[in-house]
Amino acid sequence: MAGVIVAFDVFRTKVLSRKMFKLMPACVILLFSIASLPSTNAAYNVVSFGAKPDGQSDSTLPFLRAWMAACNSVAPAMVYVPRGTFLIKNAVFSGPCKNRILFQIQGTLVAPWDYRSLGNSGFWILFQKVSWLTVSGGGTVDGRGAGFWACRRTGSNCPYGTRSITFLWCNDIVVSGLTSINSQLCHFAVARCNNLRIQNVRIIAPSNSPNTDGIIVQDSTGVTIFRSIIRTGDDCIAIGPNTKNVWIERIGCGPGHGISIGSLGNGLNENGVQNVTVTNSVFTKTDNGVRIKSWARASNSYATNINFRNLIMRNVANPILIDQTYCPNNQCPHQSSGVKISQVTYKNIRGTSKTEAAVIFDCSSSNPCRGIRLQDIKLSTAYRATTATCNNAGGYSSGIVIPGSCLGR
Ligand SMILES: *[C@@H]1O[C@H](CO)[C@@H](O)[C@H](O)[C@H]1NC(C)=O
């Protein structure tokens with residue numbers, strides 16, 4: 001059991017005597033310094049609520065009980081998951097809570113081997129209507145998605161599948177230090193949240209696992225994703241409709257499909273995406289580098305004030321891509337995208353492209369891209385010159401731009 005927990009227990013039972021103080025001065029000073037911190041003075045260890053670190057017993061209810069105790073605490077509280085493997089089925093951690101919560105995970109949370117037992121709810125671990133929550137620790141969340149992916153590949157009557165960790169209607173959230181592996185679908189989903197930061201996480205799934213996005217953000221404002229490693233079978237990060245003020249920095253992305261804005265414009269009435277920055281990141285062997293993608297159908301959605309800068313591409317198939325022709329299964333024949341794309345800056349993007357088509361701006365004929373800016377771009381292949389392709393794309397370039405710009409005015 002972790003020392004911190006012992007410290008809290010000792011403090012709460014107030015059994016410190018002068019004699020003990022003399023015997024263990026260093027330890028006691030540590031106890032006092034931890035206990036006097038106002039930030040967490042109630043700790044709820046899931047094991048004390050009956051969770052078993054054996055990987056076999058269903059620990060869902062003990063986790064929920066520890067959460068409820070913490071959530072009802074008037075003082076800031078900690079839910080503590082010690083080392084060990086805990087089997088968790090669908091778990092909903094709901095707020096609002098009475099004060100801040102630190103959800104500290106040192107152990108490993110695993111989903112059931114039988115992917116069907118998570119059902120069709122779409123989530124495995126869900127935080128909803130929570131504010132001032134930090135989820136941290138060096139622990140791991142293992143969605144055990146392999147059975148589900150196999151079902152998807154053979155296509156026989158599979159459930160909808162579940163995301164691993166979802167934040168819904170949450171404010172002021174920090175996720176730090178966790179590892180999330182092998183989600184059935186997306187590893188972290190963020191929807192209807194304000195002010196959320198994900199940092200120092202590792203997200204890992206096989207490159208051939210279907211739809212295992214790293215982080216999906218939509219309907220949210222003020223999201224930062226910082227210093228993280230994302231290697232999956234789909235987008236490292238995808239930003240969906242109705243989202244603004246997103247900052248993405250120091251991401252190691254790949255393998256996977258790159259960082260995407262979209263797909264936008266599936267619905268006619270949709271708020272778009274604005275003010276997104278992706279910077280100081282490296283893409284390795286991804287299908288795309290930075291992509292903006294929209295459906296080829298009527299919509300009043302948009303993507304504007306998007307900044308991609310200081311990026312390194314290593315053997316990326318389509319490093320720079322705008323694709324407004326997305327229309328799977330020919331659901332929108334002979335239509336063009338209504339999504340308005342404007343003020344997109346690509347600055348200091350360098351490295352290698354796997355294909356000659358290093359830059360593609362395939363914009364809507366009815367809503368051409370406006371204000372695209374290229375500055376200091378150098379994307380090459382090992383043997384052939386790279387190309388830039390523009391359809392309905394306007395803007396300007398400056399500095400050295402390779403492949404040369406094809407933008408109209
Ligand atoms: C854009 O988003 C960043 C955070 O990523 C924020 O600091 C900045 O204020 C936003 N700009 C505007 C104009 O809202």
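**Close-up 1. Strand β20 and the ligand.** Strand β20, which spans residues 243–253, supplies three residues to the shell around the ligand, and that is the largest share. This close-up, like the others here, comes from a predicted model. The full set of residues around the ligand is Asn 245, Val 246, Trp 247 and Asn 275. Sorted by class, this shell holds two nonpolar and two polar residues, with no charged ones.

**Close-up 2. Asn 275 and a ligand oxygen.** Here we zoom in on Asn 275, one of the residues around the ligand. An N or O atom in the side chain of Asn 275 lies 2.3 Å from an oxygen atom of the ligand. On its own the ligand has 360 Å² of accessible area, and the protein covers 39% of that.

**Close-up 3. The cavity in the protein.** Now for some empty space: rolling a probe the size of a water molecule over the atoms shows where such space is left. In this structure, one cavity reaches 30 Å³ or more. The volume of the largest cavity is about 50 Å³.

**Close-up 4. The lining of the largest cavity.** Take a look at the side chains in this view: the largest cavity is lined by Phe 93, Phe 103, Ile 105, Leu 109, Ile 125, Phe 127, Val 135, Val 141 and Ile 165. Two or more lining residues come from each of the elements β6 (101–105) and β8 (123–128). By class, the lining of the largest cavity is made up of nine nonpolar residues, with no polar and no charged ones.

Methods: Residues numbered from 1 in each chain as written. Predicted model: local features only at pLDDT ≥ 70, side-chain atom pairs only at ≥ 80, totals over all residues. Heavy atoms only, no water. Near = heavy atom within 4 Å. Polar contact = N/O pair within 3.5 Å; in protein donor to acceptor, adjacent residues only side chain to side chain. Areas by Shrake-Rupley, 256 points an atom, 1.4 Å probe, with all protein chains shown as cover. Helix = DSSP H or I, 4+ residues; strand = E, 2+ residues; numbered from the N terminus. Nonpolar A, V, L, I, M, F, W, Y, C, P; charged D, E, K, R; others polar. 1 Å grid on protein atoms, 1.4 Å probe; cavity = no way out; pocket = protein on both sides within 12 Å on 5 of 7 lines; lining within 4 Å. Points joined across faces, edges and corners; volume = space filled by probe spheres on them.
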